[in-house]
Structures are given as C-alpha cells and as structure tokens.
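Hi,

Here is the structure I said I would pass on. Have a look at it first, and then read my notes underneath.

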Amino acid sequence: MRQAIASLCFVLTYGLLSVQAAVPLVHIGQGPRPTIDGRLDEAGWRDCARVFPFVENMGKGLAQVQTQVWLYYDAQALYLAFECDEPALEEIVADHTVRDRDVWRDDCVEVFIQIPDDITVYHILVNSEGLTSDSKFGNYGWDPKLDIAPRSDVGTSGWGIEMAIPWSEFEETPKPGDAWRINFTRQRKVEFERSAWNATYGTFNNATRFGTVVFAKTPVVQRVLEVAPPVLGANHARIQLDLSPGMKAQLAGAGGPAIGIGRTTEPVDLMYPVGLCGDEVVLTAQVDQEPIWRAVFPCGVGDARALEEIGRALEAMQGTPARLGADHPLRAPLSMAVAQAQEAEGNLRQALEQSVAQDRSLDVETFQALNEAVKTASAQLNRMRWMLWTKNNWANVGRTEFPVDLEEIEEIEVTSLVNEYEHANIVISNLANVPLRLRADLSDLQWRRADETIRFAGVLPELFVADWQDVVKGPTVADPLLPLGAAGRLDIPAGESRQLWLTLPAVDLPPGRYECVLSLDPIGQRQIRGSLPGKTVTIALDIQPLRIATSPDFAVYNWDYASNEAYARDLYEHKVTFFLAPTAIPTPKFDAQGNALGEIDYTGYDRLLRMKLKYAKKAGGQILFAYGILESFHESIGKKYGFEYRSDAWDRAFRLAYTSWLAHLKALGMDYDDFCVQVWDEALLEELDYTVEGCKLLREIDPRVRLVMDGCQTVADVKRIDPYIDVWIPSLDFLLKSKDRDALLKTYHDLGEPVYCYTCSVNMKSQSPYDYHRLKPWKAASLGMDGVCFWAYNSWRGDPWDDYDGAPSSGTFYADCGVVYAGLGGPVTSRRWEASRQGIEDWQIIRMTKRLADGTPDEKRLDARIEKAVRAVVENPGKLELAQQHRVDLICMGTQLAAREPLRIVDCQSTSAKRKLRVTFSTNRPAEARLFYRLVGTDDWETRSLAMARNHKAEVTLPPEAEADWFVLAWDQAGRVTFERDTSR
C-alpha cells in the first residue's frame, strides 16, 4: 500500500520539502439556504466552490468517468451537490430500498467528515435514488436528519444528488476560518471504478488522506482545471480560479515557476515539472505563503522516485568515509560508491532541468537509462549503510569496529554433534550517520533430507546481543550476552556495531543438515515509500552421527555462590557436574571446653544443599564442600571461642559438629560417593602444617569421607599430605609454569587418585574468552587431568555490571570475579561462560574420539594424532581458530571410527490402533533412544525417552481419529548414533 507521506514532484533544489502528505484544499463560502428539490437553480449554487477532478482511488490516474461536487454552508448546514457523469446510465445499480442495508452495493456517492481534534469519522453514503447509509465511527445507529433529493437537472448524461447536512448532527458547528478534514468519493458499479476527490490508496475511510475544507466567508471557485496525463519533464495545466475582489495569489506546480493571478475570469496556462516522484502532482495557489487552494492528482508516470531515494542515501552516508580514517580499508570503496551515486544523481537531475528549461518532455528511454543508473547507485549505497559480517566467536568486538571489506555474509556453516551446544555470531555495523532500528526474526529449524524437509516447530537458535563492559584491567570488552527478547528489536546507533550472538539448540536431533533463516528488517525508517532493504542470513547446522553426553564423564567444578535454582540450573546446562556447597557447616553454641550448648539448626543450610544435590545427581556428579572445613571451622568457631587450633576444646567442638553434620548428610540420603570435602583452601607453609594435623582428626572421625586438597604444592608437600587426600586440585597455571612441572605431574599420576586442575584470576572480565576459558579443558587434557575447575562462577565484588565498585580489602582493589551477571531472577550469560562450555564439550569430543580409537589396529597412530592436535591448540593460544579446526578434525575422525562398528536399529515395527501408537525395535548393542512423533498435518514433535537396552518399546496415546508420523533416534555409550524414520507415509 502506498504510504500517506510526502509525495512531491520534481524540485530543482536538493532535499525534501515536506514529510506530510499533500492533500487537496478548498475554501468554501457562505450562502443562503437552498431548497433541496434536485435542481441547482438558486443563486447560492452559481458562485459556490467546486471540487474536481476525481481520481482513481488507488492512484492509477484521473477517474475514467468524472464527478464534480458543489458545496457551501451557512449557520445551519453544509450544502452539497454531486454531479456524476455516466455514459451507461441505463446500467446503474439502485436495487436497495432500506436505509443502512447494503446501500454501498448500489452506484453511490459518499461523504466522509472528521472534525478537528476528534478521531471520529462521520460517513454518509447516498445512492442515485437518495437512499442513505450513515455511520459514526462505524456505528450504523447514527441516523442524521438529512435533506436529500436526486438531481433532476442533469439530463441523460449522468445522475446527481442535492443534499443538506445539518451541523446539529455533529459535536460542533464550524466557524469562519475553521478547517475540517473531508473527502468525497464515488462507487461506480458499471465498470467497478472507485474514485475520490483525494485518493486514499485503500479503504475510503482513511482520514489521513481526506482533503481539507476551509470554511471561509467567500469561496475560491475553481472554474477550470484541465490536465493531460503527466509526462516526465515539463507539463501544462489549464486553470481558472475566481478569487475575492482585491485578492492576489501565486499559482504554481511543485517545483515549477509561479504565476501571479488576481480576480480574473480567464484561464491561465501553468507549467509544472514531473520527475522526482511518481505518485502525485500538487498544484497550489497561495496568498502570503498560505494555501487557499490545492489540487492533488496521481502522476502516473511510473517509478520516478530514484532521486528522492538517492538523496536520502547520500544524506545518510555524508561524512562516513572521512569518519573511517585514512587507513581504513573501507574508506576507498565507500568513497567510490558515494562518488558514483553523486554522479548518477547529477546526470538525471541535469537532464530533468534541461527538459524543464526547454519546456519539453524528457525522452522516455533517456529517462529510464538515467533513472536506472540512479536506482542502482542508490541500492548499492543503501546496502552499504549497514553491513553484516562475522568474527571469531571468542575475539572481542569493538563498539565502533567495522568490517574490513564489503563482502557480506549470507550463510554461516556450523558443525555440531547430536545434543551439543554450538554458537555463531553476526556483527551488524551501521555505517550511516542516522540510527538503525532492526527487527530480527528466526525461522524454525528444518531438517533437509534428500526426499523431504521436516520442520521442527519452536526449535530455533537463541538470540543474544553482546553488550560492553569497562573493566579494571584491559580494554572495553563485549562480554555480557543480553537476550534479544520476544520482540526481536535491535537498535544500532549511528557509526556503531552490534554483535548478534546465536546459541544453536542443544536437543537430540537426528544427524543431518538443518537450516534456519535469520531475517533482519529495518523498521521506523523515514521513507516516502518502502524502507531500507532487509537482509537474511542462512544458518546451516551440520549434525554429525555422534552424540555428546548431556553431562561429561569427567569432573567439572565451578566455584559458585548460586543462591537460587535458576543459577544451579544454568550451571548444569553449562556442563558443571560437581556443585559447590560451603564447608562452613552449622554448629551449636559451645562452652569454654568445647561442649555443645543447644541443638544445631540445619533449616537454612538444607535449602541450598538440597537444590545443589538435585543437580549434582542429575549430572552424575557430586557435592564439593569447598573452602576448607578445617580452615572454615578455625576461622569462625575457633577464633570466636578462643580455641587454639587442635586444642582439646577445639577438637571436642569440631568432632561434635563434624559428626553431627555427617549424620545429617546421611539423613538427607547422601552416600560417601555423593560428596567430597576440601580440607584447607590453598594450604602452604604454616597452613600445610595445620592441614596435616587436622586431616589426622578427619581420618580418625570417619576415614570414608573423601578429602580434597587444592593449591600450588611442591612435590615434597604433595607427598607429605598424600596419606590423607583422595582428590587433588592443583593450580593449572602453577603446573604449566613450575620448573618442577614434570616431577609434579608424575607425582600426581603415580598417586592413582583423581587429579583435577583449576585457575584463579582476580581480573576475569579482561581474560581472553579463548585462552582462559575455552582452552582450559584442552590444557587439562594435555596434562592428563581427570577434571577441570573454574573460579569463579559468581564471586561478585558489588554490582556484577560494574567492575569498579569492588570494596578494597587491605588496600587491594578487587574487580568482579564471575562469568555471569545478575539478571531478573537468574543469571545473564557471557561470551566467557559460553567459551567455558565450548571447551568442556571440546574435551568430551577428545575423550569420545580416543575411546572409539581404543582397540583398533591403528590405535597408537590415532592416539598420537589426537595428542598432536591437543598440543597444537595448547601451544598456540593466540590462534583463535585452531581449537575449532582441530575440533572438527576430531569429529570427522570419530565419525569414521564409529562407522567401523556402527550402531544399528533392526526389526523396527509400528502399529496404530485404538488410539495407540506402538513402536518396537531392537539395537545391535545396548542403547538409549528417543521416540519422536507428531500428529499428521502438524509440525510439533513430542518425545518419549527409552532407557539403555537392546529391545525397545514405546507406546503413546493419540487423539480420536488421529494419525502420527514418527522416527526413533538411538545412541550407545560410545556416542554412536543411528535413527529410523517411519516410511509408511
């Protein structure tokens, strides 16, 4: 639909004259009340204002069959007379006889009125017999007292109506000088032509397109208005206006020369140019810059809006090349594009100027060639106004960073495993000097197969926008990932970029190629018609026939301070298996000898512990009681009561609290395999002595509790406390940098106990998402570790969104130490947190590929290849692409190995009877499975999970008379995947 905004003719000066639609305007005068008898023989009709010509309502040109309206007013009413030309008078339709009952199906004329400062639209429709249909804002209960008579003085050339509309039917009466919005329309049934005083380009009741009627004391009478179908260049209209005595006006077509007129009875020849826009011609008479008459009619010369569009494009890109700087690679191509656009604009403008100066029309072929060049240059410039590109997921993106070339991305390829998270990003750069407002939309994932395309309704990537953080150390980083939201709205200021982050769905989908389309459409653009072109990017997801486990088979710790289930769930979804709980255990009050005074209250403690335990069991992991049970007790209870470390009172109090706590864990259903206990946090020197002495007591009380030690111990320190420690968590940085690295690693591995590693940086936001977060599991793998630990998940020093509000401690300023941000009721993720999960999944792929290689004839060669890949990644932390390249290589190796002994589904059968769908099948080795089914004719898939077994049976209830499509997906413990599709349809 054409928009109700500025539609101006060719102007010789650059720029837009108005952003409001030009509508016709008429000054009507006062006169005596006529007798409504169908004859216009009173004096009031002779000198009243008239409006014509009528135009085809969709803007195709002047109406083929014309209509005129006479009108004037007095203090009681508005007086109207329609004269409708009709060459086929005998064929007009006037079948209806009941007011308000489908009168619009007859040949009819209509009046639409809107009072200033009121949205109400009054509508009066009259057929050739004088029958009306009246409504007030669509309510047909409004029945105004109208005086109407069919015209008897028109003769055989047409038909007409004379009518009076009393002001008493409206909320107010117009005063001289008031202006109301009014339109006059006609429905001609003979050739189904709909015409109007001003085209509404759609429904007649579009008040924004009504003309303007000014209630004056004396009218401006339009006697003659003759125009030919407009052509490009110079055009002529023959116009006669009767003005009040002494009045002088300037008459002009938009962009053309003005002619002075006075009270005259002679028509004048007016030249007006056409060329800038193809919608409407605007002719205006003005007195002291105020319009007293205006005619608007369709231009009808085709698409001639290119100069307007290129003008806006040049205006938006003004100054952009210079703003980029002399060395920026985009400066030269953008400068060339601007120069080409200016040249194309100048050529067309010059041709139009010459045609007007010479008072001739512009040759159509010449215009089309020049206009096409302008449109091409404009389209090129508009495409450059905002660019789509991408960058390595883990590389920082600057707020004002632009692409290095003009090659836009149209497709992003992502390789994934079944049940894996994967990421992609699109950087949107607004090169223009005006803001860019976009709406993003995603289609559902579609499974592309050779013989069909299967849509998964509601399965689509999550969209985030990277936000910037100023950090204590390092440059500003694009770190928080803000959910884009249901509206998909994205605003990009002038001269800035935004990174749109996509997290692809972690669901059990069959292997194969999937696609979805990201659409980015500009909204709210100030355009005469249309808007900036939208852009799309296809996201292609290639799922390989291996399945990654939801939770890894190695330990993943994250020192967390999760206070509600949203944070615990987020930890689980990011592959954490060991959940942190404090070792500051509940205690009673004590006397001076360490005896208990009263009971222990576990109420508050249990709420957090139960929540963490639920997710630890779901992940197949444990609870880690962290920060040192000996240290915590000594720092709180020992110092509070003045107990010396390992004194009789200290031991007595600790033994009572520790024993009670272990019993309470047992009462909660926890076994010794469900938890482990850190004894002292990073114990060194004197603290190591405390640790050894305290561990003796721990072993004495209950030797079955698994004890944990972290820190940067030497070989001698490790051997000294080894008799008491079951799980080791050395510092990864210390292991990598220690001069005794090899000896330490050998010592740890010779102990035969689980060895994990951790890192601890106090300036986490400034750490590389790639090196510090994604490569941490790769480094753990290179050292032969059994797990990896991250510090910290949400150790915030004030507001996590402000890196500068950390409270000083002993003169030291602390930045926030977390990978998530506080949101409304839950965490907001970050690029660093997503890099951590990606690294964990990388390690899962490394281990999966190695297991598939075990026992094969070329096991040693494949192991060496895996080790070489890990080493190459770890030794080149500055090459951000290496981890992804070797990850894909490992996936390819794994799929080839899996194909040697593939998992197969055999004897798969289905029956559907009595509203039951039953699917049975077997696998050639024990496997888990999932049944996907959907009702025929829908895209919504439901699922049923099937436990590890060889023989499987699934049964689901269907609605009455319903039939279902289905497929089964199965995977074994090694990660091999297969699926079976229902082929009965």
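Below is what turned up, topic by topic. Please keep in mind that this is a predicted model.

Let's start with the empty space inside. The search gives four cavities of 30 Å³ or more, and the largest cavity holds about 90 Å³ of space. Its lining is made up of 15 residues, with Phe52, Trp197, Gln222, Arg294 and Ala295 lying nearest the centre. Four elements give two or more residues each to that lining: β1 (25-28), β2 (49-51), β14 (221-227) and β20 (290-298). Of these, β20 gives the most, with five residues. As for chemistry, the lining residues of the largest cavity split into 12 nonpolar, one polar and two charged.

Next, the backbone. Most residues other than glycine have a negative phi, and most peptide bonds are trans. With that in mind, here are some spots to look at. Phe52, already mentioned as one of the residues nearest the centre of the largest cavity, is joined to Pro53 by a cis peptide bond, with omega about 0°. Pro53 sits in the loop between β2 and β3 (55-56). There is also a cis peptide bond between Trp791 and Ala792, again with omega about 0°; Ala792 belongs to the loop between β42 (787-791) and β43 (794-795).

Two non-glycine residues with positive phi are worth a look as well. Asp117 has a phi of about 60° and is found in the loop between β6 (108-114) and β7 (122-127). Lys575, with phi near 80°, is in the loop between α6 (565-573) and β34 (578-582). Are they buried or exposed? Asp117 has 87% relative accessibility, so it counts as exposed. Lys575 has 1%, so it counts as buried.

On to the cysteines. How many disulfides does a search of the whole structure find? The answer is zero. Take Cys757: the closest cysteine sulfur is in Cys789, and at 6.9 Å it is too far for a bond. Cys817 tells a similar story, because the closest cysteine sulfur, in Cys760, is 7.2 Å away and also too far for a bond. Cys757 is buried at 0% relative accessibility, and Cys817 is buried with a relative accessible area of 0%.

Finally, the aromatics. The structure holds 56 aromatic pairs. In one of them, the ring centres of Phe456 and Tyr514 are 6.1 Å apart and the planes are at 50°, so the pair is tilted. Phe456 is in strand β26 (residues 453-456) and Tyr514 in strand β31 (residues 512-522), so the pair ties together parts that are 58 residues apart in sequence. Both Phe456 and Tyr514 are buried.

Tyr672 and Phe675 also make a tilted pair, because their ring centres are 6.2 Å apart and their planes are at 35°. Phe675 is buried, with a relative accessible area of 3%. Tyr672 and Phe675 are also part of a cluster linked by ring pairs, whose members include Phe625, Trp650, Trp661 and Tyr690.

Two arginines are placed over rings, too. The charged end of Arg837 sits over the ring of Tyr421, 3.4 Å from its centre, and the charged end of Arg847 sits over the ring of Trp843, 5.8 Å from its centre.

Cheers

Terms used: Residues are numbered from 1 along each chain as its sequence is written. This is a predicted model: local features need pLDDT of at least 70, side-chain atom pairs count only at pLDDT 80 or more; totals for chains, interfaces and linings use all residues. Side-chain values use heavy atoms; hydrogens and water are left out. On a 1 Å grid over the protein atoms alone, a cavity is a set of points where a 1.4 Å probe fits but cannot get out, and a pocket is an open set with protein on both sides within 12 Å along at least five of seven lines; lining residues have an atom within 4 Å of a point. Grid points are joined across faces, edges and corners, and a volume is the space filled by probe spheres set on the points. Ala, Val, Leu, Ile, Met, Phe, Trp, Tyr, Cys and Pro count as nonpolar, Asp, Glu, Lys and Arg as charged, and the others, Gly among them, as polar. Buried means under 20% relative accessible area, exposed over 50%, partly exposed in between (1.4 Å probe, protein chains only). A disulfide is a pair of cysteine sulfur atoms within 2.5 Å. Rings of Phe, Tyr and Trp (its six-membered ring) pair if their centres lie within 6.5 Å; planes under 30 degrees apart count as stacked, over 60 as edge-to-face and the rest as tilted. A charge sits over a ring if NZ of Lys or CZ of Arg is within 6 Å of the ring centre and within 35 degrees of the ring normal.
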